[in-house]
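Reader: I have the sequence and the coordinates open side by side. Could you walk me through what is worth looking at?

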Amino acid sequence: MSSRPRAIAAIVLALVACPLARAAEPSRDLEEYVLFAVDELSFKGANNCGVCGKILGGHVGVNRVDPLAFSPNLSIGGASNPVFLGDGTQLVADTARIGAGVDVWDLFANATQPGFDPGRVRNTRSPFAAPILTSLPPFPAFVAGGTDVTVAGGDAAAPAPGVYGDVTVKDGGTLQLAGGYTLRSLRVGRDARVVTGAGSVIQVAGLLTVNNDAVVGPANDVRFFVRGDGVGHNDNAVSFGRRVEFHGIVYAPTSRIGLGNMTNLFGRFWGRAIGSDFNVNVNGPPGDTPEPPSPTPMDSSLLHGAKNRNEGANPVVAVGTQLRGVVAFAGLDGLHPGSVKTATLVLHVASSSGWPAGGGTVAAHRLLVDFTEGNGKRFGLPSAEWTTGSGAGVTWNCATDADVSNEGKDCTGNWIGNGAFLAQPTATAVHVNGQTGPVVFDVTADVVAGAHGWMLVKKSGSGEVHYHSKEGAALLGDPTLAPQLLLELF
Ligand SMILES: [Ca+2]
Ligand SMILES: [Ca+2]
């Protein structure tokens with residue numbers, strides 16, 4: 001059973017449990033907010049529409065400490081403009097003007113405009129220490145450009161994941177996006193469709209505009225990173241027209257988001273400023289945060305003393321004098337580098353010896369070529385367990401030796417001497433004698449650049465470390481001892 005059903009069960013329990021709990025503190029987790037503005041938020045509420053003005057499935061917050069005596073930061077609803085916020089959710093702002101038609105669960109506000117007060121607070125009301133968040137999640141760096149894509153009305157297009165210029169879906173056209181895209185702009189015409197694949201990441205340098213009656217969906221977990229290049233301070237970088245249906249998570253921390261009029265929004269919307277016209281509904285589907293993939297390791301050692309031997313099946317990855325390790329990860333084809341917040345390479349030390357006092361350094365260098373793991377093993381093993389292996393495998397001489405069984409060189413060139421890896425290490429770790437347990441390398445920069453493999457090199461002096469390989473971990477019955485690439489996604 002995957003962890004997803006348990007995660008949903010936990011959220012359901014939390015919502016059921018909330019009526020009994022006194023919320024003394026607002027949530028400091030951005031992912032729990034369906035609407036989050038860095039500076040200001042205005043949500044008009046329903047206007048002669050009984051099913052409109054609902055904000056469900058998450059909190060609403062404005063982050064800043066009001067720089068004026070009373071701006072206010074948040075303006076929501078009115079006496080004739082109801083807004084209903086769902087059970088277990090919070091409305092959080094330093095200063096607020098809250099219409100009498102607003103029905104809140106928990107309210108956190110330090111000052112509310114006199115004469116404007118929520119019609120109902122169903123659970124708790126308290127001040128709080130603003131801001132909500134002292135730092136915002138990082139915004140990925142990206143560069144858009146190249147081919148423009150235009151989909152004519154009545155036509156459909158499914159561009160491959162990649163980097164594009166301006167993408168325009170004319171009125172009535174259909175665009176399919178599945179995977180990772182970096183776009184200069186995305187303009188969706190009236191009654192047009194953007195069909196999104198689950199887990200897609202769409203980076204937009206400039207404008208994201210969705211016109212009247214258009215639909216963007218159905219995946220709720222698509223992440224839109226919108227930078228708003230060239231968009232004026234008071235103009236919307238993200239804007240939805242009338243009756244738009246939009247599914248996704250929009251992060252535009254330096255831009256203004258316009259939620260439109262009579263729109264149905266499914267996801268989360270985080271911007272510098274957020275505004276809405278009447279009759280907007282916001283639904284934050286719970287439990288749809290993408291789970292990071294668990295990539296499969298491939299590992300081996302490279303022996304300077306036996307340059308055509310493969311150690312792909314060896315229970316250890318050894319790094320020492322004229323002895324290097326290689327480790328790479330498969331199963332990341334669907335991962336968009338822009339979605340990666342952090343990446344950590346974890347190796348587990350089986351044995352470590354021969355280091356000088358104070359230890360010595362092992363460096364992880366980004367591999368620039370792919371290698372083939374292979375199935376040989378001999379290094380450090382009793383002769384009864386030796387096997388040269390068969391088929392292709394990595395050796396000191398070759399990223400992929402076509403036939404490791406002959407212990408001769410079956411590739412052209414010399415990969416280690418010719419740009420197999422970046423000369424500058426990505427991360428280093430100090431090793432000492434008798435050390436065991438995990439060693440971590442911060443390889444975020446490499447994974448963000450699309451690389452998933454490393455060469456492990458001892459920098460100088462004496463010393464040798466043996467890490468558990470994938471095969472060694474399996475022999476020990478503990479797959480968590482294998483090399484791991486831990487990913488944290490946006
Ligand atoms: Ca291996
Ligand atoms: Ca060979």
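**Domains, cores and strands**

Reader: Happy to start with the domains: how many Å separate the centres of domain 1 and domain 2?

Author: Gladly, and please keep in mind that this is a predicted model. The protein is divided into domain 1 (22–126), domain 2 (149–283) and domain 3 (296–489). Taken over C-alpha atoms, the centres of domain 1 and domain 2 are separated by 25 Å.

Reader: How many residues does the contact take from domain 1, and how many from domain 2?

Author: The two sides can be counted one by one. Domain 2 gives 16 residues to the contact, and domain 1 gives 25 residues. Your pair of values, domain 1 and then domain 2, is 25 and 16.

Reader: Which strand supplies the largest share of the side of domain 1 that touches domain 2?

Author: Two strands to look at here are β1 and β2 (54–56), each of which supplies at least two residues of that side of domain 1. By class, this side has 14 nonpolar, 7 polar and 4 charged residues. The largest share, 11 residues, comes from strand β1.

Reader: Now the interior, please: which strand gives the largest share of the largest nonpolar core?

Author: The largest nonpolar core has 75 residues, and those with the most contacts inside it are Leu-35, Val-204, Phe-224, Val-226, Val-250 and Phe-269. This core draws at least three residues from each of domain 1 (22–126) and domain 2 (149–283). Its largest share, 8 residues, comes from residues 33–43, that is, strand β1.

Reader: Which residues does Val-204 touch, leaving out those up to four places away in sequence?

Author: Val-204 is among the residues with the most contacts inside the largest nonpolar core. With residues up to four places away in sequence left out, Val-204 touches Leu-183, Ser-185, Leu-186, Phe-224, Phe-225, Val-226 and Arg-227.

Reader: How many residues does the second, separate core have?

Author: You can find this core by selecting Val-319, Val-362, Val-447 and Leu-487, which it includes. The second core is separate, and its residue count is 40.

Reader: Let me turn to β6: how many of its residues are buried?

Author: Strand β6 covers residues 90–98 and is mostly covered. Strand β3 (residues 59–62) runs parallel to β6, joined by 2 bridges, with Val-60 and Leu-91 as bridge partners. The number of buried residues in β6 is 9 of 9.

Reader: Which residue in β6 stands opposite Ile-76?

Author: Look at strand β4 (residues 74–76), which pairs with β6 in the parallel sense over 3 bridges. Opposite Ile-76 in β6 stands Ile-98.

Reader: And how many bridges join β6 to strand β7?

Author: Strand β7 spans residues 102–112 and runs parallel to β6. Within this pairing, Ala-96 has Thr-112 as its bridge partner in β7, while Thr-95 has Ala-111. The number of bridges joining β6 to β7 is 6.

Reader: Which residue in β8 stands opposite Asp-106?

Author: Strand β7 also pairs in the parallel sense with strand β5 (residues 83–85) over 2 bridges, where Phe-84 has Asp-103 as its bridge partner. Another 5 bridges join β7 to strand β8 (residues 120–126), again parallel. Opposite Asp-106 in β8 stands Thr-124.

Reader: Here is one on a single residue: why does Gln-176 count as partly exposed?

Author: Gln-176 is found in strand β13 (residues 174–177). Gln-176 touches Ala-158 and Val-195, not counting residues up to four places away in sequence. A residue is buried with 20 or more C-beta neighbours within 10 Å and exposed with 12 or fewer. Gln-176 counts as partly exposed because its number of C-beta neighbours inside 10 Å is 14.

Reader: How far apart in space are Gln-176 and Ala-156?

Author: In sequence, Gln-176 and Ala-156 are 20 residues apart. From C-alpha to C-alpha, their separation in space is 7.7 Å.

Reader: Over which residues does pLDDT stay under 50?

Author: The protein averages a pLDDT of 92, and 93% of the residues score at least 70. For the stretch you ask about, the model has 12 contacts beyond four places in sequence. The pLDDT stays under 50 over residues 1–22.

Reader: Lastly, how many helices and strands does the protein have?

Author: Of the 490 residues, 50% are buried. The C-alpha atoms fill a box of roughly 85 × 55 × 40 Å along the principal axes. The secondary structure comes to 3 helices and 34 strands.

Methods:
Residues are numbered from 1 along each chain as its sequence is written. Chains are lettered from A and ligands numbered from 1 in the order in which they are written. This is a predicted model: local features need pLDDT of at least 70, side-chain atom pairs count only at pLDDT 80 or more; totals for chains, interfaces and linings use all residues. A nonpolar core is a set of buried Ala, Val, Leu, Ile, Met, Phe, Trp, Tyr and Cys residues joined through C-beta atoms within 7 Å. Helices (H or I, at least four residues) and strands (E, at least two) are DSSP runs, numbered from the N terminus. Domain bounds come from an automatic or database domain assignment. Two residues are in contact if their C-beta atoms, placed from the backbone, lie within 7 Å. Ala, Val, Leu, Ile, Met, Phe, Trp, Tyr, Cys and Pro count as nonpolar, Asp, Glu, Lys and Arg as charged, and the others, Gly among them, as polar. pLDDT is the predictor's confidence in each residue, from 0 to 100. Two strands pair if DSSP finds at least two bridges between them.
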